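Here is a briefing on one helix and a set of aromatic contacts. Please keep the coordinates open while reading.

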Amino acid sequence: MDPDGSTVFLGDVARIEVGQESYGGASRYNGNPAAGFAVNLATGANAVETAAAVREVLAGIAPSLPEGVDIVYPYDTSPFVEESINQVYHTLAEAVLLVFLVILCFLQSWRATIIPVIAIPVVLLGTFAVLAFAGYTINTLTMFAMVLAIGLLVDDAIVVVENVERVMEEEGLGPVEATEKSMREITSALVGIVLVLSAVFLPMAFMSGATGVIYRQFSVTIITAMVLSLGVAVILTPAMCATLLRPRKHGDGIAPARWFNRNLDRATGGYASVVARLVKRPFRMLVVLVAIGAGVAMLYQKLPGSFLPDEDQGVMLVMVETPDGSTTAQTQALVEKVEDYLLNEESETVESVFAALGFSFGGSGQNSAMIFAKLHDYEEREGHDVASLVSRANAHFFMTNRSGQVYVLQPPAIQGMGASSGFSMYLVDQAGRGQEALSAAADQLVADTQDDGRVTNLRGNEAPFETSLRLDIDQQKAAAFGLSISEVNAMLSVIFAGRDVNDFALGSELRPVIVQGEAEARSQPEDIERWYARNSQGEMVSFAAFVTRVWDQEPQALARYGGTRALELSGAAAQGLSSGAGMEAMEELVADLDGGYGAAWTGLSYQERLSGNQAPMLFALSALVVFLALAALYESWTVPLAVMMTVPIGVLGALAAALIFGQSNDVYFKVGLLTTIGLAARNAILIVEFAQSLVAQGKSLLEAAIEASKMRLRPILMTTFAFMLGVLPLAIASGAGAGAQNSIGIGVLGGMASSAIIGIFLVPVFYVAVLQAVELFTRKGKA
């Protein structure tokens, strides 16, 4: 109220309206207006349980929404998790069925078959109990380990049953007597097998980083299953053998069984003949071992590296960037083009599209937008995977779009580690050449990647600088006019940015009162001259009296890596190449830049590099632990050496299978490779253990090696086929989580195939070669 009694209302000097709290963004769902919000998973929370809880809460809110307003879930990764686990459940059931058929085929007796099969639920229940006690959950990693364990945990029971059947058949003993003799013969071999398989996975439990988290779940699951399977094999299985088995004559059974036995006997005889010839000149086979070792080294170097395989998670991301200074309307126009393409031209794959304007993983602003595309369920889009869609969409917008940048991306393999799949890195200004030179180097790097062809969607260099209006305040003039810097800054903040000054009641809620300059009075640079500030004497002072306008280029963001100026870049390997190949390409291209720039990896890319650096140590530790465990078991250095010499054969097969079927050297493949090492050693133990026993009974070294090979061929083939068919569902899996399943299954199948085809011939040869070499050196030493 003025001294003269007149009243000045706020409406006399301002325009008052009820509007949005922020006009910086908008949302659309399938082209319709929407209000979206994100729910991020807390550390340690369960994704499936959290998603279910969110849906339950929103279902309770839905009845109170206005008519025509629906709740939808355009981006949700929990269905992928659920579907992945369901797929592994199916794989687990298929593995059990295939293992049952293999055992039945070889043993040809339901009594003998049921004994190893009973070990499966017993061991699995015990393993689940240990996992629960250790604080683990049923997830894709533990279930993958369970599938691997299916083929492993029946091995011990198969060895026991097969040997009891052999003793009954060859020596005419009853089930009880045969079981007692059999257990005296094979108990040490069983302990050796479990010791080796457990020792292989033990170092995995001590790896660091995200890789260690993955490895630990495999390690705990498989070691637990192995130890429990040993307990079942030496306690439950012998009791069941003595109770259920009945003596049978060789050659009995139905026609298909007799045909199978005749051919297996013929194959065993041929195998023994080949072994008899090879063991006569064992040292020649060492040349073959050297060649196999060279092949392993060559294939390992050739196999492309990655951290985790890309998975079809049923969702897709699209980053939209229009040129600097674009309006919201221009950005929305480009978003509408993307929506139209996805919903119409890709309707067989895409179910819905949610767009958030003003927001992007690359930053926020009216020239940015982010689109989340939800794909149809897997069974509704067979033959239409997300990788193909990403490739088609990127090619389409590269050829047809001139309004801005459109990047179509897959989500990261592990949520929370990076914004998308592919790689993320920093281009580091190691020579301190400055922000402008760094931005120019990034532009050059993008151009180089386009010419190179190994990397696509490289981004992060777009508009590193933006045009800005800087207001220089002459502090002396402002002070002379009776104005302080704080008062001037507060006034500028109100004019251009707005300020919350109060709250008011709108219905049942409190909303902020925002004071801001009228848009028409702050839209042009010269509008600053239209504004006045009140000084300490109550006089109005024009901003033009003490403010100077200057146009400038300012960086949108300043990043540091290790305290050094850097620029964050993201991209992906070209289709058909692994992320490791893309990272190697980036390192080569960065090294070719002038100015001493470096590449530093972050997110999943950092974990991939860490995983690759840890791999040699992991394999070396596993081999060392296995060797020491065998040395302690046999109280000898020679027998473990003979066993370990067979490992490269399985590794060669795993690497060859991975290359042939387009796999990469990722974390899951490394797990499969370690499994191959243990299983190759297991086959060798079965032969070497019996050969040692025969040598102790007075047989010559060659006779013992040949006879042990012949005696143990059947259980080796049984356990090998049981395991191979147990992991076959992993190798041929499709749908959710298929990438990880294929990565494990294909490598293990290749390794076991080479061990079964080549390794069984070389195990007795290496055993003879090692012992003859030791005997030769011993003689020379005495002489």
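Helices here are DSSP runs of H or I with at least four residues, numbered from the N terminus. Just after one such helix, α19, Gly698 takes a positive phi of about 110 degrees. The model is predicted.

**Helix α19**
- Helix α19 covers residues 667-696, which is 30 residues.
- At 1.5 Å a residue, α19 should span 44 Å. Its end C-alpha atoms lie 43 Å apart, so the model agrees with the expected span.
- Most of α19 is covered: 26 of its 30 residues are buried.

**Aromatic pairs**
- The structure holds six aromatic pairs.
- In one of them, the ring centres of Phe354 and Phe372 are 6.4 Å apart, and the planes meet at 35 degrees. Planes under 30 degrees apart would count as stacked and over 60 as edge-to-face, so this pair is tilted.
- This pair links distant parts of the chain, 18 residues apart. Phe354 sits in strand β4 (residues 350-357), and Phe372 in strand β5 (residues 368-375).
- Phe354 has a relative accessible area of 12%. The cut-off for buried is under 20%, so Phe354 is buried.
- Phe372 is also at 12% relative accessibility and counts as buried.
- Phe543 and Phe546 have ring centres 5.4 Å apart and planes at 40 degrees, so this pair is tilted. Both residues are buried.

**Cluster and charge contact**
- Tyr75 joins Phe354 and Phe372 in one aromatic cluster.
- The charged end of Arg55 sits over the ring of Tyr73, 4.0 Å from the ring centre.

Definitions and conventions:
Residues are numbered from 1 along each chain as its sequence is written. This is a predicted model: local features need pLDDT of at least 70, side-chain atom pairs count only at pLDDT 80 or more; totals for chains, interfaces and linings use all residues. Side-chain values use heavy atoms; hydrogens and water are left out. Helices (H or I, at least four residues) and strands (E, at least two) are DSSP runs, numbered from the N terminus. The expected span of a helix is 1.5 Å times one less than its number of residues. Buried means under 20% relative accessible area, exposed over 50%, partly exposed in between (1.4 Å probe, protein chains only). Rings of Phe, Tyr and Trp (its six-membered ring) pair if their centres lie within 6.5 Å; planes under 30 degrees apart count as stacked, over 60 as edge-to-face and the rest as tilted. A charge sits over a ring if NZ of Lys or CZ of Arg is within 6 Å of the ring centre and within 35 degrees of the ring normal.
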